[in-house]
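This report describes selected local features of one protein model. The sequence and the structure are shown first, and the findings follow under short headings.

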Amino acid sequence: GKRFATLALRLHPVYPRGVTASPAAPPEPALAATIMLLRDQPAYEVLMIRRHHGLAFAAGALVFPGGRIHADDADPAWRDHADGWEGLDEPDRPLRIAALRELYEETGVLLADRLATDEAGPKAVADGERSFLDVVQAAGARLDLGTLALFGRWVAPPEAARRFDTWFYLARAPRDCTPVCDGGEAVEAEWLSPSEALALGQQGRRQLMFPTRMNLRRLAACGGPEAAFANAAATPVAPIRPRVYWQDGVK
């Protein structure tokens with residue numbers, strides 16, 4: 001009856017003759033940062049995490065630690081607690097801090113000149129109860145932003161429901177690094193060789209997003225951390241903007 005007609009109009013609005021609906025502009029991509037933590041002992045491996053299956057974005061996917069940038073990542077007070085500050089431009093500084101913060105939140109690993117001994121710190125930062133800057137200050141630590149190497153930048157296509165402009169960084173794992181997942185966004189941490197991670201995705205045993213798979217291929221071709229850092233230094237970074245196409249009814 002009338003109720004159904006009203007609903008139909010809401011779903012399929014009627015426009016005057018000659019007037020059509022203009023397509024909605026895609027959402028602006030949110031800035032995000034991801035860190036690829038590399039080690040070569042006992043083998044060439046990268047740290048990856050499995051995302052919680054209940055998340056709205058990339059549920060259950062195997063990814064590198066990372067996430068969107070926060071306002072606190074751009075706090076000017078970081079200047080006194082981060083080496084390599086002066087050699088970097090905006091937005092590189094807050095993005096590197098965001099990458100290090102996400103690594104700390106999701107795995108408990110603090111890449112700094114000393115360890116943070118507060119075991120509750122990662123969850124407190126992830127829950128917004130404490131700032132990452134406060135954790136670093138309390139530990140008397142300094143982040144070394146210059147030890148990270150920009151490896152790539154991927155911008156989600158306009159068709160994506162959630163759009164991110166993600167900057168991928170390389171970092172070397174500290175000795176005896178033992179990641180512990182927060183149990184919130186990240187439910188499992190794995191050290192995997194890039195080739196092994198790709199094989200797991202090919203076999204359907206792990207879910208890999210397209211940018212993750214492409215960066216794993218590049219890491220695998222490098223063969224080791226030093227070669228990966230050399231590759232990053234020699235390769236100019238321009239944003240990669242993949243697009244979604246339909247072919248034979250399949251995206």
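## Charges over aromatic rings

The charged end of Arg-172 is placed over the ring of Phe-229, at 3.8 Å from the ring centre. A second arrangement of this kind involves Arg-218, which lies over the face of Phe-151 at 3.7 Å from the centre of the ring. These values, like those below, come from a predicted model.

## Aromatic pairs

The structure contains four aromatic pairs. One of them is formed by Phe-64 and Phe-168, with an edge-to-face geometry: the centres are 6.5 Å apart and the planes meet at 90°. This pair connects distant parts of the chain, since Phe-64 belongs to the loop between strand S3 (62-63) and strand S4 (66-68), while Phe-168 belongs to strand S8, 104 residues apart. Phe-64 and Phe-168 are both buried.

Another pair, Tyr-104 with Phe-132, is tilted, with 5.6 Å from centre to centre and 35° between the planes. Tyr-104 is part of helix H2 and Phe-132 is part of helix H4 (residues 132-138), so the pair ties together parts that are 28 residues apart in sequence. Tyr-104 and Phe-132 are both buried. Together with Trp-78, Tyr-104 and Phe-132 make up one aromatic cluster.

## Helix H2 and its surroundings

Helix H2 covers residues 92-107, and its 16 residues should span 22 Å at 1.5 Å a residue; the end C-alpha atoms are 22 Å apart, which agrees with that expectation. The helix is mostly covered, as 16 of its 16 residues are buried.

Ahead of H2, the loop from strand S5 (82-83) to the helix contains Pro-91. The peptide bond joining Glu-90 and Pro-91 is cis, with omega about 0°. After H2 comes Gly-108, with a positive phi near 80°.

## Further backbone features

Most residues other than glycine have a negative phi, and most peptide bonds are trans. A cis peptide bond is found between Gln-41 and Pro-42, where omega is about 5°. Pro-42 is located in the loop between strand S1 (30-39) and strand S2 (45-51).

Asp-176, a residue other than glycine, has a positive phi near 55°. Asp-176 is situated in the loop that runs between S8 and strand S9 (186-192). Its relative accessibility is 71%, so Asp-176 counts as exposed, the cut-off being over 50%.

## Asp-165 in strand S8

Asp-165 is a member of strand S8, which comprises residues 164-172. Is Asp-165 buried or exposed? With a relative accessibility of 7%, Asp-165 counts as buried because the value falls under 20%.

The side chains of Asp-165 and Trp-167 are joined by a polar contact of 3.4 Å. Leaving aside residues up to four places away in sequence, Asp-165 touches Pro-29, Ala-30, Leu-31 and Ala-32, and also Arg-153, Trp-154 and Val-155.

## Cysteines

How many disulfides does the structure hold? The number is zero. A disulfide is a covalent bond between the sulfur atoms of two cysteines. Cys-177 has a relative accessibility of 15% and therefore counts as buried. Cys-222 is likewise buried, with a relative accessible area of 17%.

Notes
Residues numbered from 1 in each chain as written. Predicted model: local features only at pLDDT ≥ 70, side-chain atom pairs only at ≥ 80, totals over all residues. Heavy atoms only, no water. Helix = DSSP H or I, 4+ residues; strand = E, 2+ residues; numbered from the N terminus. Buried < 20%, exposed > 50% of the residue type's maximum accessible area, 1.4 Å probe, protein only. Polar contact = N/O pair within 3.5 Å; in protein donor to acceptor, adjacent residues only side chain to side chain. Contact = heavy atoms within 4.5 Å. Disulfide = S-S within 2.5 Å. Expected span 1.5 Å × (residues − 1). Phe/Tyr/Trp six-rings, centres within 6.5 Å; stacked < 30°, edge-to-face > 60°. Lys NZ or Arg CZ within 6 Å of the ring centre and 35° of its normal.
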